[in-house]
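Grab a pencil and work through these exercises with the structure open beside you. Try each task before you peek at the solution.

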Amino acid sequence: MYEPIRTKSVHRMAGDAQDRIPHRSREEELDIQLAGHLAALLAVTDELGDDAAAERIAQQVARLRGAPPARHAGLTGAEPADLHRRAHTLAGRALVVAASRADTAAAILAAERMDAHSAALERPRPVGAL
């Protein structure tokens, strides 16, 4: 016949492990993700020298994180067109997350930044500029 189990099982029940591991809600995860995208956008915006836009982005990051963001300390030396492309991509990512969490203020800001960087990429280069 069957012999009874004499040792403690190495497996746990599903409810046991969840009590010891802290979990974040979907909204908290989206807040963290949105703050990260906006902080990266802030770094590129600081490098481009757009102080007004950088302040608006910093306010949103501070609202999401509960503390003011660390500002960009060093320059990458990248071409402005490359920085505008990167900023456009980051603003697009922020827009997707902001729309997902129904954050109107962040979504509007991200859409405005996308428009601004698109416009900057469409401007003709001055003669003699590389």
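**Exercise 1.** In which helix does T45 lie, and is T45 buried or exposed?

*Solution.* Keep in mind that this is a predicted model. Start by finding T45: the residue sits in helix α2. Next, look up its relative accessibility, which is 0%. The cut-off for buried is under 20%, so T45 counts as buried.

**Exercise 2.** Find what T45 touches, beginning with its side chain.

*Solution.* First follow the side chain of T45: it reaches the backbone oxygen of L41, at 2.7 Å. Then skip the neighbours within four places in sequence and list the remaining contacts of T45, namely D50, A53, A54 and I57.

**Exercise 3.** Check whether the span of helix α2 agrees or disagrees with its number of residues.

*Solution.* Helix α2 covers residues 26-48, which makes 23 residues. The expected span takes 1.5 Å times one less than the number of residues, so α2 should span 33 Å. Now compare the end C-alpha atoms: they are 33 Å apart, so the two values agree. Just after the helix comes G49, with a positive phi near 85 degrees.

**Exercise 4.** Which elements cover the buried residues of α2?

*Solution.* Begin with the buried residues themselves; among them are L30, L34, L38 and V44. Then see what lies over them: the cover includes α3 (51-65), α4 and α5 (104-122).

**Exercise 5.** Which residues touch the most other members of the largest nonpolar core?

*Solution.* This core has 24 residues, and L34, L38, L41 and I57 touch the most other members. The elements giving two or more residues to it are α2, α3, α4 and α5. Now zoom in on I57: beyond its neighbours within four places in sequence, I57 is in contact with L38, L41, L42, T45, L109 and R113.

**Exercise 6.** Where is R86 found, and how far is its C-alpha atom from that of A40?

*Solution.* R86 is in helix α4. Its relative accessible area is 47%, so R86 is partly exposed. Along the chain R86 and A40 are 46 residues apart, yet their C-alpha atoms are separated by 9.5 Å.

**Exercise 7.** Where is confidence lowest, and where is it highest?

*Solution.* Take the whole chain first: the average pLDDT is 86, and 78% of the residues score at least 70. Then go helix by helix. Confidence is lowest in α1 (residues 14-18), with a mean of 56, and highest in α4 (residues 80-100), at 96. Where pLDDT is low, don't read the predicted coordinates in detail.

Technical notes. Residues are numbered from 1 along each chain as its sequence is written. This is a predicted model: local features need pLDDT of at least 70, side-chain atom pairs count only at pLDDT 80 or more; totals for chains, interfaces and linings use all residues. Side-chain values use heavy atoms; hydrogens and water are left out. pLDDT is the predictor's confidence in each residue, from 0 to 100. Helices (H or I, at least four residues) and strands (E, at least two) are DSSP runs, numbered from the N terminus. Buried means under 20% relative accessible area, exposed over 50%, partly exposed in between (1.4 Å probe, protein chains only). Contact means heavy atoms within 4.5 Å. A nonpolar core is a set of buried Ala, Val, Leu, Ile, Met, Phe, Trp, Tyr and Cys residues joined through side-chain atoms within 4.5 Å. A polar contact is a pair of N or O atoms within 3.5 Å; within protein, one must be able to donate a hydrogen and the other to accept it, and residues adjacent in sequence count only if both atoms are side-chain atoms.
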